[in-house]
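Okay, everyone, thanks for coming. Let me put the structure up on the screen, and then I'll walk you through a few parts of it.

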Amino acid sequence: MPKKLQIGLLGEHLGHSYSPEIHAALADYDYRLIELQHSELADFIRAGDFDGLNVTIPYKEAVIPLLDTLSPVAARIGAVNTIVRERNGKLCGHNTDYEGLAALIRANGISPKGKKVLILGSGGASKAAVCVIEDMGGTPVTVSRKGENNYENLSRHGDAAILINATPVGMYPQNGQAPLSLSAFPTLEAVIDLIYNPLRTALLMEAERLGITAANGLYMLVAQAAAACALFTGQAPEKALVGKITQKMTVRTENIILIGMPGCGKTTLGRRIAADLSRRFVDADEMLESECGIKIPDIFKQEGEAGFRARESEILKKLGRERGLVIATGGGAVTVAENYQHLHQNGKILFLDTPPTGLPTEGRPLSTAHTPEELYKKRLPLYRAFADITVAITRNVEENLIRMKEALL
């Protein structure tokens with residue numbers, strides 16, 4: 001049996017990398033994570049214990065002097081994200097970020113031709129984006145903190161049609177941050193954020209609110225890996241595989257968020273569907289009580305609804321940063337607008353809609369102060385505004401589970 005190719009990802013901090021999962025779905029070779037300090041880089045490359053490497057931050061430029069040759073694209077960009085050991089033993093540097101970004105742009109129906117494209121950042125990913133946009137007939141404008149085009153003079157680019165974020169601003173664990181506001185760009189048609197954790201950065205959620213095409217960097221990550229795989233093995237993966245892997249990873253990492261009236265069954269159904277899908281279940285109210293060391297009715301008595309909502313938002317902010325969970329929220333979580341961003345950044349939100357008549361009220365402070373019918377009438381527009389999917393539920397748990405699974409397909 002031929003010896004398996006020895007491939008790896010070279011970087012400094014790789015704990016949250018998706019690359020092993022992606023490459024396992026693309027081809028049958030050994031793929032490992034290789035975390036090195038800068039002082040170890042040269043010795044590792046010279047030792048040559050690999051057939052090929054992917055390269056990520058902060059070594060995309062640092063590896064260049066250690067290589068024998070560069071592909072024309074890598075030389076043009078001035079950054080390498082893929083290294084291949086050729087048959088003669090020499091190391092050639094490539095840049096498959098180029099193919100990845102071009103594939104992402106095409107997959108989202110974005111056309112840069114004849115348009116101004118703002119590219120935020122000045123690192124390797126930004127340089128690849130400049131080349132892609134030039135080759136697609138667009139006019140790239142690089143924005144950096146200290147460059148000619150910077151964040152202090154963005155008003156000169158109000159006519160930009162496309163914006164690409166190639167900075168780490170907004171990437172986990174700095175969720176919720178954005179490099180700029182889109183309000184200065186009234187003619188934007190599309191926003192691409194090369195970040196993929198979270199699935200929806202604050203920048204992308206602003207684009208969504210404005211009705212602008214918004215795309216994260218997961219498809220690009222998979223597409224560039226497919227291009228690297230072709231270089232490693234000499235055989236290109238099936239074209240449809242990129243979309244299939246991207247979709248599978250999105251579904252796996254996206255939280256399932258349950259919203260709805262108090263007592264509608266979010267906890268019961270959440271536990272069941274989490275078990276069926278082999279996911280971890282978290283009840284936000286239970287987590288709040290555990291962290292505060294006090295029951296929710298007592299929080300209402302001591303701090304009022306405003307105090308409780310502030311505590312609840314902190315819990316939802318924490319949970320929303322996680323991935324692959326099933327989360328049951330409190331019935332009033334939708335009354336605080338900022339909770340939408342906490343939940344939507346990594347989540348698909350299901351509204352479990354049920355008639356309010358007969359819903360339990362014991363132990364639920366607002367349900368005892370207002371009838372379920374009153375609360376339902378008041379909150380229904382909010383539930384609908386938060387929801388990606390509405391699932392009409394009944395008192396039959398098994399039937400509800402079937403409806404929820406069908407909605408999630």
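Let's start with a charged side chain: is Glu312 buried or exposed? Before I answer, please keep in mind that this is a predicted model. Glu312 counts as buried, because its relative accessibility is just 2%. You'll find Glu312 in helix H11. Leaving out residues up to four places away in sequence, Glu312 touches Asp285, Leu288, Gly330, Gly332, Ala333 and Asn339.

Stay with H11 for a moment, since that helix comes up again in the nonpolar core. The largest core has 45 residues, and Ile259, Leu319 and Leu352 are the ones that touch the most other members. Helix H11, residues 296-320, gives this core its largest share, seven residues. There's also another core, lying apart from that one, with 25 residues, including Ala79, Leu101, Ile164 and Leu194.

So who does Leu319 sit against, once we set aside neighbours within four places in sequence? Its contacts are Asn255, Val282, Ala284, Met287, Leu325 and Ile327.

Next, the cysteines. How many disulfides turn up in a search of the whole structure? Zero. Take Cys229: the closest cysteine sulfur is in Cys92, and that is 17 Å away, so the two are too far apart for a bond. Cys229 is buried, with 2% relative accessibility. Cys264 is buried as well, at 7%.

Now let's move to helix H5, residues 124-135. H5 has twelve residues and reaches 17 Å from its first C-alpha to its last, close to the 16 Å you'd expect at 1.5 Å a residue. Which residues of H5 are buried? They are Gly124, Ser126, Ala128, Ala129, Val130, Cys131, Val132 and Ile133. And those buried residues have plenty to pack against: helices H3 (72-77) and H4 (97-107), plus strands S7 (116-120), S8 (139-143) and S9 (162-165). Just after H5 comes Gly137, with a positive phi of about 85°.

That brings us to S9 and its partner. S9 and S10 run parallel, joined by four bridges, and Asn165 stands opposite Asp193 in S10. Strand S10 itself, residues 190-193, is covered on both faces: Ala190 and Ile192 are buried on one side, Val191 and Asp193 on the other. If you're wondering about that pattern, side chains in a regular strand alternate between the two faces of the sheet.

S10 also pairs with strand S11, residues 213-215, again in the parallel sense, over three bridges. Here Ile192 has Ala215 in S11 as its bridge partner. What do S10, helix H6 (residues 202-209) and S11 make together? A right-handed β-α-β unit.

Last stop: an open sheet of six strands. Reading across, the order is S2-S1-S3-S5-S6-S4, and the pairing is mixed. Strand S2 (30-35) and strand S4 (69-70) are at the edges, and each has a single partner strand, so one side of each has no neighbour in the sheet. For S4, strand S6 (residues 91-94) pairs with it in the parallel sense over two bridges. If you want a spot to click on, Leu70 stands opposite Gly93 in S6.

That's my tour, so over to you.

Technical notes. Residues numbered from 1 in each chain as written. Predicted model: local features only at pLDDT ≥ 70, side-chain atom pairs only at ≥ 80, totals over all residues. Heavy atoms only, no water. Core = buried A, V, L, I, M, F, W, Y, C linked by side-chain atoms within 4.5 Å. Buried < 20%, exposed > 50% of the residue type's maximum accessible area, 1.4 Å probe, protein only. Contact = heavy atoms within 4.5 Å. Disulfide = S-S within 2.5 Å. Expected span 1.5 Å × (residues − 1). Pairing = 2+ DSSP bridges. Right-handed = clockwise from strand over helix to strand, strands pointing away.
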